[in-house]
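This report is meant for a reader who meets the structure for the first time. It begins with the whole protein and then turns to its sheets and helices.

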Amino acid sequence: MTDTQEHPELVDFPVPEDVQVHWKCNLSYYIVVWAARGTVRVHFEDELVELDTGQALWIPIRVAHMVEHKADSLGLAILIPAGASKNLGSKRLLIEVPDTHRQWMFHLMLLTLSPLHTGQVSTTLILDLLTHFLDSPAQRPRSVPLPLPQQPAAKRTAAALLANPESTLTLQDFASRQGVSERTIQRSFREDTGLSFRQFRRLAALNSAQQASQLPPQPVPALSSRWMNLLKHDVILWAVRGRAIAHSTAHSHVARTEKSQPMQAGQLLFFPTGHALRLEIEQGSLLFPLRFPAGSLPIDAPNRLPLQLPAELSEVLLHRAVSHITALRPQPFDPLDTLRIIERLPNYPGLRYPTDPAIQRIAAEFAADIQGKTLADQIARKHGFSLRQLQRRWTEETGMGLRSWRQAHRFQHARALLNSGFGVKFVAQRLGFSQPGNFSRAYATLYGQRPQSTHNTFIPDIF
C-alpha cells in the first residue's frame, strides 16, 4: 500500500503544468535560462532557441524574449544585475552545464533570487562559474579514442604520444630510438589510423587538454545566511536535499528567545510573518524558501515540528517551488495553490510541540531519544509529574497521546534519514531496532510501504 492509497486525498493532487512566460525585455538584469530537464523554448523577435537538458542561454539586457516549456520539462532562471563588475557580454551565448554541476544551477538560482540566500556570494563569483562553463570541454568537441597503428615501432610511438602529448621528441627521434626509418612509422600511422604523425600528435594533445580541464564534481558549499525579518510574507522552508538548521525568533517576544530546528531532506517547516529567520545549510544541501501572503499559515505553526512530504509529491512541489522563486511559471499562477497542496498532507502542519516551558523540557528529552529507550514514567518523575499527569498535560499541549506522539516523531525522523539517502540497516539501528526486519514491519504498519520504497526516492533525479 502506498501513501496515496493510505491517504486517498493525495490521489487527485495536481500535476506539473505547462510554463509560459509573457514577452519581456529586462532593463536591469541579465538572465540565464537553464533547462534542468527536457526542452525549454526561448523565443526572440527573429529566432527560436530550443535548450535541451543541461543547456543554458545567456540573455543580455534589452533583448525581448519569451520562455516556455511543457509540463514534463523543467526550466529555471538566474538573474545577474546589469551593474555587475563583469559580464558575459551583450550577445546571446549558449552554455553547456556539466553534469557534475547540475545542482549548482539550483544553488545559483537561490543565490540570485531567494531573499534568504542573496548576498551570500558575490556576483563576480557567480559569473566566474558561468564563464568556466563556457570554457569547459562541454563547449568543445568531445575527446574521442584515437586508433593505434599496428606496426610495432609505430604503435610504441603512438603510446608514448598518448602518455606524454607535450613531448618534444620529433618523428626522427622516435625512429632513431627504435631503429626503424621515419617512413616506416609514418606509413603505419597513415594506413592504420588515417592520420599523419603530426595530426595524431595534435589530437592526442587536444584530448589530454580536454580531460585535464574537466570540472570535477563540486558539492554545493555550506551556507550560513544572515537574519531576515518576515514583515510581509509567511515562509515555508523545504529541505529538498541534505540537512539544515533553521534559527528563528518572534518579534513579539521581549527577550527574543531563539529557537533552532534541525531539518532533513523532504521536510517542511513553517514560519509566519512576525518572525526573524536565519539558516545554516550543510555542504551539498539545498533549502528552498516558499513565500506566501501574510496570514496564510496557522498561528501556532512555529510550535510545530517539521512536516514530512511524501516522496511521490516531490516532483509536483519542485515545479511549484521553481515557480515561486523565478518568473518561469504557468499562467495564471496562484502561490496559494501550493499551500492548498501542502495543507492536505498527512499531519499538516506537523507534530505540535508543547508550549508550556515545563512540558517543553520533557519534550526535548523525548525528541532526543530517537531510540525510544527512555521510560515515560521515569521522565515524568524527574520533572515532578506523575505519569498520569504527564499524559493528560501532553494531550492538552499537543493534541496527541504521549505514546502516539513519540512513535510519530521517531518514525518521521526515520523517514527523513531514508529520504536523505541513508540505508535501511543504518536507520533501523539509529531507531534502536536490533533487527532491520522488525523496523521494516513497524515502518510498513505505520506508512503502508516498506522503508526500501522510501529510501532515497525523495530527491528528484535532476540532481
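What follows is a description in running text, with one small table of strand pairings.

## Overall picture

The model is a predicted one, and its secondary structure comes to 16 helices and 17 strands. Of the 463 residues of the protein, 49% count as buried, and the accessible surface comes to about 22,000 Å², with 50% of that area belonging to carbon and sulfur atoms. Among the contacts with a separation of 6 or more, 76% are accounted for by residues 24 or more positions apart.

## Two open sheets of four strands

One open sheet is formed by four strands in the order β1-β6-β3-β4, and the pairing is antiparallel. Its edge strands, each pairing on one side only, are β1 (19-24) and β4 (48-51), while the twist averages 15 degrees from one strand to the next. Within this sheet, strand β3 (residues 40-44) is paired with strand β6 (residues 65-69) in the antiparallel sense over five bridges, and arginine 41 has glutamate 68 of β6 as its bridge partner.

Another open sheet, likewise of four strands with antiparallel pairing, has the order β7-β2-β5-β8. Here the edge strands are β7 (74-81) and β8 (93-96), and each of them pairs on one side only; neighbouring strands are turned against each other by 20 degrees on average, direction ignored. Strand β2 (residues 29-37) and strand β5 (residues 55-59) run antiparallel and are joined by four bridges, with valine 32 having tryptophan 58 of β5 as its bridge partner.

Two helices lie across strands of this second sheet. Helix α2 (residues 102-113) lies across β2, β5 and β7 and runs at about 50 degrees to β7, whereas helix α8 (residues 314-325) lies across β2 and β7 and runs at about 30 degrees to β7.

## Strand β15 and its partners

Six of the seven residues of strand β15 (residues 275-281) are buried, so this strand is largely enclosed by the rest of the structure. The table sets out antiparallel pairings of β15, giving the bridges counted for each.

| Strand paired with β15 | Residues | Bridges |
|---|---|---|
| β9 | 223-224 | two bridges |
| β10 | 228-229 | two bridges |
| β12 | 243-250 | seven bridges |

Individual residues show where these pairings fall along β15. Leucine 223 has isoleucine 281 of β15 as its bridge partner, methionine 228 is partnered by leucine 277 of β15, and alanine 250 stands opposite histidine 275 in β15.

## A crossing of two helices

Helix α10 (residues 357-368) and helix α12 (residues 387-398) have axes that come within 11 Å and cross at roughly 95 degrees. Because angles of 65 to 115 degrees count as roughly perpendicular, α10 is described as roughly perpendicular to α12. On the α10 side the contact is made by Ile359, Ile362, Ala363 and Phe366, and on the α12 side by Leu390, Arg393, Trp394 and Glu397. Taken by character, the residues of this contact divide into six nonpolar, no polar and two charged.

Terms used
Residues numbered from 1 in each chain as written. Predicted model: local features only at pLDDT ≥ 70, side-chain atom pairs only at ≥ 80, totals over all residues. Heavy atoms only, no water. Axes fitted to C-alpha atoms, helices over the stretch in contact; angles between N-to-C directions. Parallel < 35°, antiparallel > 145°, perpendicular 65-115°, else oblique. Contact = heavy atoms within 4.5 Å. Nonpolar A, V, L, I, M, F, W, Y, C, P; charged D, E, K, R; others polar. Pairing = 2+ DSSP bridges. Buried < 20%, exposed > 50% of the residue type's maximum accessible area, 1.4 Å probe, protein only. Areas by Shrake-Rupley, 256 points an atom, 1.4 Å probe, with all protein chains shown as cover.
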